[in-house]
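Let's take a friendly walk through this model together. Have the sequence and the 3D view open as you read.

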Amino acid sequence: MFRIVQRTSSALRCIAKQNIRQPTACAAVGLRYKHGIQESADEFDTRYENYFNRPDIDGWEIRKAMNDLQGEDLVPEPRIIIAAMKACRRVNDYALAVRYLEAVQDKCGNRLKEIWPYIRQEIKPTLDELGILTPEEMGYDKPELALKDVYDM
C-alpha cells in the first residue's frame with residue numbers, strides 16, 4: 001500500500017512541476033514588446049510622403065494619415081507636411097490644410113518657438129504656391145473676442 005501512495009505522490013509531483021513551468025513560459029512570451037520590422041526615420045518619412053503623393057487619395061485617407069501622424073511621438077518633417085498640403089489642395093480641402101497646420105503647431109509643444117519657425121520657413125514656398133495661409137496670417141493665433149488686459153489700457 002505504501003508503494004501505491006508513493007507512486008501517486010510522485011505522479012502528482014510531476015503534474016505539479018509541469019503546471020508550474022507553464023506559467024513561466026507564458027511570462028517569458030509576455031515580455032516580448034517589439035514586433036514587426038523597425039524602420040528608420042528616413043523610411044518613415046518616405047512612406048508618408050509617398051502616401052500623400054498618391055494621385056487617387058481622397059479626403060478620408062488624408063485625414064486618416066494625418067491622424068496617424070498626430071498619434072506618433074514626433075513632429076512631422078517639412079517634406080511630409082508639404083506632401084500633405086499638396087494632397088489637401090488636390091482634393092480641394094482648404095480647411096483641412098489649415099487645421100493640419102494648427103495640429104503641427106500643437107505637436108511642437110513647449111518648443112513651439114524653436115521648431116515652428118523652422119517648419120514655417122521650409123514649407124512657406126509651397127504654401128505660397130498653393131495659396132494656403134498660415135493660421136498666424138489669418139489671425140487665428142489671437143483670440144477674436146478677448147478683452148484687453150486692464151493693465152495695458
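Which residues does Asp45 touch, not counting residues up to four places away in sequence? They are Glu77, Arg79 and Ile80. Keep in mind as you look that this is a predicted model.

## A buried acid in helix α2

You will find Asp45 in helix α2, which covers residues 41-52. Asp45 is buried, yet it has no salt bridge. Its nearest side chain of opposite charge belongs to Arg79, 4.2 Å away. Because a salt bridge calls for a side-chain nitrogen of Lys or Arg within 4 Å of a carboxyl oxygen of Asp or Glu, that distance does not qualify. Arg79 is still one of the residues that Asp45 touches.

## Aromatic pairs

Next, the rings. A pair of aromatic rings is described by how far apart the centres are and by the angle of the planes. Searching the whole structure gives 2 aromatic pairs. In one of them, the ring centres of Phe44 and Tyr48 are 4.9 Å apart and the planes stand at 55°, so this pair is tilted. Both residues belong to helix α2, where Phe44 and Tyr48 are 4 residues apart, or about one turn of the helix. Phe44 is buried, with a relative accessible area of 9%, and Tyr48 is buried too, at 8%.

The rings of Tyr51 and Phe52 also pair, with centres 6.2 Å apart and planes at 75°, so they are edge-to-face. How accessible are these two partners, Tyr51 and Phe52? Tyr51 counts as partly exposed because its relative accessibility is 24%, whereas Phe52, at 0%, counts as buried.

## The two sides of helix α3

Now move along to helix α3, residues 59-71. Its 13 residues reach 18 Å from the first C-alpha to the last, close to the 18 Å expected at 1.5 Å a residue.

Which residues of α3 are buried? Gly59, Glu61, Ile62, Ala65, Met66 and Leu69 are. They lie on the same side of α3 because they cover an arc of only 165° around the axis. Turn to the other side of α3 and you meet Trp60, Asn67 and Gly71, which are exposed.

What covers the buried residues of α3? The cover includes α2, α4 (78-90) and α5 (94-107). Helix α2 is a familiar name by now: Asp45 has its place there, as do Phe44 and Tyr48.

Conventions:
Residues numbered from 1 in each chain as written. Predicted model: local features only at pLDDT ≥ 70, side-chain atom pairs only at ≥ 80, totals over all residues. Heavy atoms only, no water. Buried < 20%, exposed > 50% of the residue type's maximum accessible area, 1.4 Å probe, protein only. Lys, Arg positive; Asp, Glu negative; His and termini not counted. Contact = heavy atoms within 4.5 Å. Expected span 1.5 Å × (residues − 1). Arc of directions from axis to C-beta. Phe/Tyr/Trp six-rings, centres within 6.5 Å; stacked < 30°, edge-to-face > 60°.
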